[in-house]
Amino acid sequence: MAEEKVIHLIITRQDSPDSTPYKEEFKIPYRPNMNVIGALMEIQRNPLNAQGQKTSPVNWESNCLEEVCGACSMVINGKPRQACSALIDKLEQPIRLEPMSTFPVQRDLSVDRSRMFDALKRVKAWIPIDGTHDLGPGPRMPEVERQWAYELSKCMTCGVCLEACPNVNAKSEFIGPFAISQVRLFNQHPTGQMNKHERLEALMEDGGIADCGNSQNCVQACPKGIPLTTSIAHMNKETTKHAVKKFFFS
């Protein structure tokens, strides 16, 4: 009889934030059209490693399974991407799964992405209209602007652009390309322009846009195809104009 086809995975595991990482191999039955999340679920149902030994289920994060939430980001065969859209049939085996190195590991493939949400707070990536009553409809955006703003709004804080960026590491305070792009989104919004200068000031601080090395890895890695380098170039121009105005007219 023909040998049963299997999926071979090598997973970098870590039992706690402070423990030493180690690799564990798994071999699970092959099924067509599986994605990486499906393979992890198979291990969860029957947590046996490649040696047939009982082990703890692998820990990872996922939510939508439609490449919308950004929760299942991990490094797959050396490339940061979404596990839900990584199809087993298109991956070279053994499939190597690792947590993103840019973020502190919580357990196994699950990481703490707090630095991303802290960066969004820092640049005030929201429209501050809380506490108001019914003021009627806000100003309308021209259709052309609305279309490109929608492209920027696809950001799901998945962390892939930070993992791909060489300027984001444990020794750097760089907020990352996603935050710069969000400043562009909210500064162009008719209501968001009220706080435009505050966001530009945040980008001009330490760890802001000046720390971008223009490697352009981010735009190649972004799973949503967001024009991050275009946003970075635009915000470079905007922060320069803001600095000149401050120098001459403050």
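**Cavities and cores**

The second largest cavity in this predicted model has a volume of about 60 Å³. Its lining includes Cys165, Asn167, Phe174, Pro177, Cys212 and Cys218. Gly213, Asn214, Ser215 and Gln216 also line this cavity, as do Thr229 and Ile232. By class, the lining has six nonpolar and six polar residues. Charged residues are absent from it.

The structure holds two cavities of 30 Å³ or more. The largest has a volume of about 100 Å³. It is lined by 13 residues. Closest to its centre are Cys155, Cys158, Cys161, Phe178 and Cys222. Here the lining has 10 nonpolar residues, two polar ones and one charged one.

Now turn from empty space to packed side chains. In soluble globular proteins, nonpolar side chains tend to be buried together. The largest nonpolar core in this model has 34 residues. Those with the most contacts inside it are Val123, Leu162, Ile175, Phe178, Ile180, Leu203 and Met235. Several helices each supply at least two residues of this core. They are helix 2 (114-122), helix 3 (143-152), helix 4 (160-164), helix 5 (177-188), helix 6 (196-203) and helix 8 (228-249). Helix 5 gives the largest share, six residues.

Ile175 shows what such contacts look like. Leaving aside neighbours within four places in sequence, Ile175 is in contact with Ala119, Arg122, Val123 and Leu162. Ile175 also touches Ile180, Leu203, Gly207 and Gly208.

A second core is separate from this one and has 24 residues. Among them are Phe26, Ile28, Ile43 and Ala83.

Terms used. Residues numbered from 1 in each chain as written. Predicted model: local features only at pLDDT ≥ 70, side-chain atom pairs only at ≥ 80, totals over all residues. Heavy atoms only, no water. 1 Å grid on protein atoms, 1.4 Å probe; cavity = no way out; pocket = protein on both sides within 12 Å on 5 of 7 lines; lining within 4 Å. Points joined across faces, edges and corners; volume = space filled by probe spheres on them. Nonpolar A, V, L, I, M, F, W, Y, C, P; charged D, E, K, R; others polar. Core = buried A, V, L, I, M, F, W, Y, C linked by side-chain atoms within 4.5 Å. Buried < 20%, exposed > 50% of the residue type's maximum accessible area, 1.4 Å probe, protein only. Helix = DSSP H or I, 4+ residues; strand = E, 2+ residues; numbered from the N terminus. Contact = heavy atoms within 4.5 Å.
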